[in-house]
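Visitor: Hey, I've got a protein to look at for class and no clue where to begin. Can you walk me through it?
Guide: Sure, let's put it up and start with a single residue.

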Amino acid sequence: MKDSKTLNLTQSAIIAALYVVLTIAISAVNLASGVIQFRISEALTILPFFTAAAIPGLAVGCFLSNLITGCAMLDVVFGTLATLIGALGTRALRKNRWLAPLPPILANAFIVPFVLRYAYGVPDAIWFMVITVGIGEIISCGVLGEMLLSALQPMKDRLFK
């Protein structure tokens, strides 16, 4: 039993670290935040399809990424909440690989625009930001997430015991 707890903690930590590294890398070209965002780390939100250990890993990774990249406190809190909700939803929909990316897409598309408005004062219409953030999430979670899922599927038993 102790080994499975250690494995889960290790997997969570690795996922959190990957999320942070990918977010910082894409932040270097200014694509991780704003009205139009393409956070490639969001592709990792497909990982709860394989393991529940990904849920805290993604939440901690998002939290740390938002802190490190200098996000407003509302963004740190609600951005992390959006990622957590998305990860929980992906885990709940793990029986259907095509629906699994949907929760993080929707959570971010509907939460992040309010963060942009109230934490950063972005004047764009909320519906416009739902669309722009949603498109970025479709690319990150839907397209890249499904590609990641396909790449990991053959190795799932070795990677996610």
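Guide: Take N66: leaving out residues up to four places away in sequence, N66 touches R39, C71, D75, V76, G79 and T80. Keep in mind that this is a predicted model.

Visitor: Okay, and which helix does N66 lie in?
Guide: N66 is part of helix α2.

Visitor: Is N66 buried or exposed?
Guide: Buried, with a relative accessibility of 1%.

Visitor: What joins the side chains of N66 and R39?
Guide: A polar contact of 3.0 Å.

Visitor: C71 was on that list too. How many disulfides are there?
Guide: The count is 0.

Visitor: Huh, why no bond between C62 and C71?
Guide: Their sulfurs are too far apart for one: the closest cysteine sulfur to that of C62 is in C71, 8.1 Å away. To count as a disulfide, the two sulfur atoms would have to be within 2.5 Å. The nearest cysteine sulfur to C71 is that of C62, so C71 is in no disulfide either.

Visitor: Are those two cysteines buried or exposed?
Guide: C62 is buried, at 2% relative accessible area, and C71 is buried too, at 16%.

Visitor: New topic: how many salt bridges does the structure hold?
Guide: There's 1 salt bridge. The side chains of R97 and E146 form this salt bridge, at 2.8 Å from N to O.

Visitor: Where do R97 and E146 sit in the chain?
Guide: R97 is in the loop between α3 (73-92) and α4 (102-120), while E146 belongs to helix α5 (residues 126-152). They are 49 residues apart, so the pair links distant parts of the chain.

Visitor: And how accessible is each partner?
Guide: R97 is partly exposed, at 22% relative accessibility. E146 is buried, with a relative accessible area of 10%.

Visitor: What about the greasy bits? Which residues touch the most other members of the largest nonpolar core?
Guide: L47, F50 and L58 do, in a core of 16 residues. Two or more residues come from each of α1 (2-27), α2 (54-68) and α5. The largest share is from α2, with 4 residues.

Visitor: What does F50 touch?
Guide: Not counting residues up to four places away in sequence, F50 touches R91, L149, L152, Q153, K156 and F160.

Visitor: Which residues are in the second core?
Guide: That separate core has 6 residues, among them V112, L116, V122 and V133.

Conventions. Residues numbered from 1 in each chain as written. Predicted model: local features only at pLDDT ≥ 70, side-chain atom pairs only at ≥ 80, totals over all residues. Heavy atoms only, no water. Buried < 20%, exposed > 50% of the residue type's maximum accessible area, 1.4 Å probe, protein only. Salt bridge = Lys/Arg side-chain N within 4 Å of Asp/Glu carboxyl O. Core = buried A, V, L, I, M, F, W, Y, C linked by side-chain atoms within 4.5 Å. Contact = heavy atoms within 4.5 Å. Polar contact = N/O pair within 3.5 Å; in protein donor to acceptor, adjacent residues only side chain to side chain.
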